[in-house]
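Me: I've got this model open and would like a close look at one part of it. Could you take me through a helix contact first and then show me how the rest of the chain sits around it?

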Amino acid sequence: MASEDSKNYKYEQSSGGKMMKLGGKCLSILSICVLAGGVHGTAVANQATTPAAPFGFVLMSGPQVPGKGDTVALARIVIEQTGANCEKMTLTGPGGKKPLEGLKTRKNYDESSYPITVCQTTLPMAAYNSAGETWTLNDGGKDFSIQLATATIAPQRVLVMGDSGCRGDSGGQVCADNTWPLEKTIPTALAKDLRGGNKPTLLLHVGDFKYRGKKEKDYSTPGLSWTNWKADFFQPMMNGPAGNVLAMAPLVATRGNHELCAAFGNNGPGWFLFMDPVQAETHCDGNKKEVASPDYRLDFDHGLSMLVIDTSNVDESGVNKDQAKAVTNSLETMIKESAGRTVWLISHKPFWSAIKSCPTPYNQTLQDAVAQLPTKELPASFPLVLSGHKHLYQSVEVAQPGQVLQLVVGNSGVNINNGVFNGQQTKPETTVNTLSNFGYADIHLNVDGATQKLGWDINIIALMPQANPAPANWTGFEPVENCSFAGGVQPCKLIKPNLFPPTTCDSKAKDDTNAAGNEEVDEESKHQDKDKDHDKDHDKDHGKDHGKDKDDGKHKH
């Protein structure tokens, strides 16, 4: 670092809508030392790249399951330099309010891959504003503007997205908007929804934030894992043409299999450093063994709760009894602790999904977890399961006595899987509607004025492709299916039935989701074999895990 202090450079930082130009040497630990550039700002330093201004986002957090505690909003501030001392900084709200107390540094266990500092504090709940609020981060007398979402425990709307990253060249996906709509198109649509309604809103991501980076040597190239995280999520969601979408709504985060510790490009340390919302810090261990992210609970007004569970490493090749038991324990605890409340179950891997032309409903491990409950089914108070993992949209209506709706929203960016099931299934009896378009889900909450009971209306929003070549690659978003809850799960209604053609049962038909998945698993194996700097015991320690993950790959990592 010392040799860089003598360099002269210019640095531009956006602050309250104005541009400030700074020059000279490093002014403070937050300003302009030579590290990888980030989400905002431009810099010139004799061809060296300087860090962008600090940026922040808001995560909804709650107690681990089992555990007691309140639902809170966490501000995470990212500083693109290691060694920053968050405890010596202050974060002051709009209008010059008294600075928040308790700004803390989250421990970074992999500074080579993630050359950043992450600060954290608890934000007060506030009246919702889709523009967010401007906070001031002060470090040693230097002020930085941080735009943060306003958080509420009375949401009226939840926007759901998942599997949003870009595979890149190694996965056969060009990371440009015409093939990866998260670059511009989907954030623009989300921002339009948020600004137009200006209702207290949550942004729920059901996992798989980051895909790119498998062919690069993530374990040996300093900072590359963080660079890819930025490119796959923070850059498009905070610095695209729609503005800072993460400042418009707080995030509810779910861990996907692409955020595992040992596989898919060293993404696990990033998940635990800046995405895992549980305040008791967990981290990937030094032997690259998989570490579970604690399950957590969010409680909101009008009796709504969310149980967010980590299914990122759940077996897909059959029934893993140990994993099923762990999920059963979380479900049993939540059932006991949520008496009188309505619970949404959030899981990256779906409990029910159709992945072949003539399938047995997937996932056998998670279904076994439900079967081990005393009632052998989810109670009526658990009417909705929200997941991703499959690179498509799917509604699965499960005909158990307490009717359950499983939605799979894995179509928000990564290349789409085609040619999967539409129709009826048995064991259990389900009705499946599948769409191979990019998109997201828009859930509007409502409370019956007479009974004060909670209900909701879900519109599935799909990106329509151009019928003919045109300068624009997409015609726009349209609702394609509607699902609702009013005193119970109502049958989903197809708005555009031509997009959901019935599937003829053919046990010999190939599942199109297999090809891309196998390709990815093969590439991951090559990546591990070629990386000489990776732990030599990796395959030995994780042969079992990777064996399980192969089925993940077959169906669609």
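Which residues in α2 and α3 meet each other?

Reply: One thing up front: this is a predicted model. On the α2 side, the residues are W226, W229, F233 and F234. From α3, they meet G270, W271, F274 and M275.

Let's put the two helices in place. Helix α2 covers residues 224–238 and helix α3 covers residues 268–275. Their axes come within 11 Å of each other and cross at roughly 65 degrees. As for the hand of it, α2 passes α3 in a right-handed crossing.

Now look at how α3 is packed. Of its 8 residues, 8 are buried, so the helix is largely enclosed by the rest of the structure. Walking along α3, the buried residues are G268, P269, G270, W271, F272, L273, F274 and M275. So what does the covering? Helix α2 is part of the cover, and the strands involved include β4 (55–61), β5 (72–79), β7 (104–106), β8 (117–123) and β13 (251–253).

Two of those covering strands, β4 and β5, are linked by a loop that holds P66. It's worth a click, as the peptide bond from V65 to P66 is cis, with omega near 0 degrees.

Zooming out from the helix pair, the chain has 7 helices and 25 strands. It runs to 557 residues, of which 58% count as buried. Among contacts between residues at least 6 apart in sequence, 68% join residues at least 24 apart. On the outside, the chain exposes about 21500 Å², with carbon and sulfur atoms supplying 49% of that.

Next, the nonpolar cores. The largest one has 58 residues, and W344, L407 and I458 touch the most other members. Strand β23 (residues 454–465) gives the most to this core, with 6 residues. There is also a second, separate core of 43 residues, which includes V78, V118, M248 and A253. As background, nonpolar side chains tend to be buried together in soluble globular proteins.

For a feel of the largest core, pick L407. Leaving out residues up to four places away in sequence, L407 touches L384, V385, L386, S387, Y393, Q394, S395, I458, I460 and C483.

From there, move to a sheet. An open sheet is formed by 8 strands in the order β14-β15-β16-β17-β19-β18-β21-β20, with mixed pairing. Its edge strands are β14 (296–299) and β20 (423–425), each of which pairs on one side only. On average, neighbouring strands of this sheet are turned by 20 degrees against each other, direction ignored.

At the β14 edge, β14 pairs with β15 (residues 304–309) in the antiparallel sense over 4 bridges. One position to find here is D299, which stands opposite S305 in β15. The loop between β14 and β15 holds H302. H302 has a positive phi of about 65 degrees although it is not a glycine, and at 48% relative accessibility it counts as partly exposed.

Helix α4 (residues 321–337) lies across β14, β15 and β16 (342–347). Relative to β15, α4 runs at about 165 degrees.

In strand β16 you'll find V343. V343 is buried, with a relative accessible area of 0%. Setting aside residues up to four places away in sequence, V343 touches S305, L307, M334, S338, S381, F382, P383 and L384. Separately, V343 and P379 are 36 residues apart along the chain, and their C-alpha atoms are separated by 9.7 Å.

One last stop is the loop between β17 (384–387) and β18 (393–398), where H389 is found. Phi of H389 is near 75 degrees, a positive value in a residue other than glycine. H389 is buried, with a relative accessible area of 0%, whereas H302 counts as partly exposed.

To come back to your starting point, α3 meets α2 through residues including W271 and F274, and the buried residues of α3 have cover that includes α2 as well as β4 and β5.

Technical notes
Residues are numbered from 1 along each chain as its sequence is written. This is a predicted model: local features need pLDDT of at least 70, side-chain atom pairs count only at pLDDT 80 or more; totals for chains, interfaces and linings use all residues. Side-chain values use heavy atoms; hydrogens and water are left out. A nonpolar core is a set of buried Ala, Val, Leu, Ile, Met, Phe, Trp, Tyr and Cys residues joined through side-chain atoms within 4.5 Å. Buried means under 20% relative accessible area, exposed over 50%, partly exposed in between (1.4 Å probe, protein chains only). Contact means heavy atoms within 4.5 Å. Accessible areas come from the Shrake-Rupley method with a 1.4 Å probe; for residues, only the protein chains shown count as cover. Two strands pair if DSSP finds at least two bridges between them. Axes are lines fitted to C-alpha atoms, for helices over the stretch in contact, and angles run from 0 to 180 degrees between N-to-C directions. A crossing is left-handed if the near helix is turned anticlockwise from the far one by less than a right angle, and right-handed if clockwise.
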